[in-house]
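Work through the exercises below with the sequence and coordinates at hand. Each task is followed by a solution in steps.

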Amino acid sequence: MLNKPQFRNPGILVTGQNFGAGSSRESAVWGMLANNIRVIVAKSFADIYRENCLQNGLLPIVLAAAVADAFEQRVIAANGAASFTVDLETQTISGPGGPDIKFTIAAADRMRLLEGLDDIGLTLTHTEDIVAFEQEMAARSPAADGAG
């Protein structure tokens, strides 16, 4: 359907079960981003593909099979004439033909996407947590209390 004019620059891709299986390389995610896809809604994702999505700012949303099927029917019925919106902050998909759909995503993944962080950026952003942890571990070590 992406080759039809009404589906150019879709923003959201609706797919099926185990999306991304066999395409674990980051270039598969980069291809989605290059085509203005920022959200993929699926029944499930291949683990490595999902992680690559998160690393590169692409939101992977998993919906239960019945909810995913109903959402897919809404998208087909809209036929590109109306848009759907994904709000990561409220974890909601909105659009014509039905009620808002709630989705869940791990808090750390949500924060990473909202702040645009990869693993390195996530580490650098939370440097104070790392320093505090290292200081706590150093205080607990036997060398810290003179033993050893």
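## Exercises on a predicted chain

**Exercise 1.** State what share of the residues in the chain is buried.

Solution. The model is a predicted one. A residue counts as buried when its relative accessible area is under 20%. By that cut-off, 30% of the 148 residues are buried. As for the surface, the chain exposes about 8,800 Å², and 55% of this comes from carbon and sulfur atoms.

**Exercise 2.** List the secondary structure elements in order from the N terminus, then decide whether the chain is more spread out than a compact globule or not.

Solution. Step one: the count is six helices and six strands. Step two: read from the N terminus, the order is β-α-β-α-β-α-β-β-β-α-α-α. Step three: the radius of gyration is 20 Å, whereas the globule rule gives 15 Å for 148 residues; the value is well over the rule, so the chain is more spread out than a compact globule. Step four: the extents of the C-alpha trace along the principal axes are about 70 × 30 × 25 Å.

**Exercise 3.** Find the share of contacts, among those with a separation of 6 or more, that join residues 24 or more positions apart.

Solution. Such pairs account for 49% of these contacts. Leu 59 can be taken as a case to inspect: leaving out residues up to four places away in sequence, Leu 59 touches Arg 38, Val 39, Ile 40, Val 86, Leu 88, Phe 103, Ile 105 and Leu 113.

**Exercise 4.** Describe the largest nonpolar core and the elements that contribute to it.

Solution. Step one: this core has 17 residues, and the most contacts inside it belong to Val 41, Leu 59, Ile 61, Leu 63, Ile 93 and Phe 103. Step two: two or more residues each come from β2 (39-42), β3 (59-62) and α3 (65-78). Step three: α3 gives the largest share, three residues. Step four: another core lies apart from this one; it has 13 residues, including Val 29, Met 32, Ile 40 and Phe 45. As background, nonpolar side chains in soluble globular proteins tend to be buried together.

**Exercise 5.** Is Arg 112 buried or exposed, and which residues does Arg 112 contact?

Solution. Step one: Arg 112 sits in helix α4, residues 107-115. Step two: its relative accessibility is 8%, so Arg 112 counts as buried. Step three: beyond neighbours within four places in sequence, Arg 112 is in contact with Glu 51, Leu 54, Gln 55, Leu 117, Asp 119 and Leu 122.

**Exercise 6.** Give the distance between the mean positions of the positive and negative charges.

Solution. The chain has 11 positive and 17 negative charges, and their mean positions are 12 Å apart.

Terms used:
Residues are numbered from 1 along each chain as its sequence is written. This is a predicted model: local features need pLDDT of at least 70, side-chain atom pairs count only at pLDDT 80 or more; totals for chains, interfaces and linings use all residues. Side-chain values use heavy atoms; hydrogens and water are left out. Helices (H or I, at least four residues) and strands (E, at least two) are DSSP runs, numbered from the N terminus. The radius of gyration is taken over C-alpha atoms; the globule rule is 2.2 Å times the number of residues to the power 0.38. Buried means under 20% relative accessible area, exposed over 50%, partly exposed in between (1.4 Å probe, protein chains only). Contact means heavy atoms within 4.5 Å. Accessible areas come from the Shrake-Rupley method with a 1.4 Å probe; for residues, only the protein chains shown count as cover. Lys and Arg count as positive and Asp and Glu as negative; His and the chain ends are not counted. The place of a charge is taken as NZ of Lys, CZ of Arg, CG of Asp or CD of Glu. A nonpolar core is a set of buried Ala, Val, Leu, Ile, Met, Phe, Trp, Tyr and Cys residues joined through side-chain atoms within 4.5 Å.
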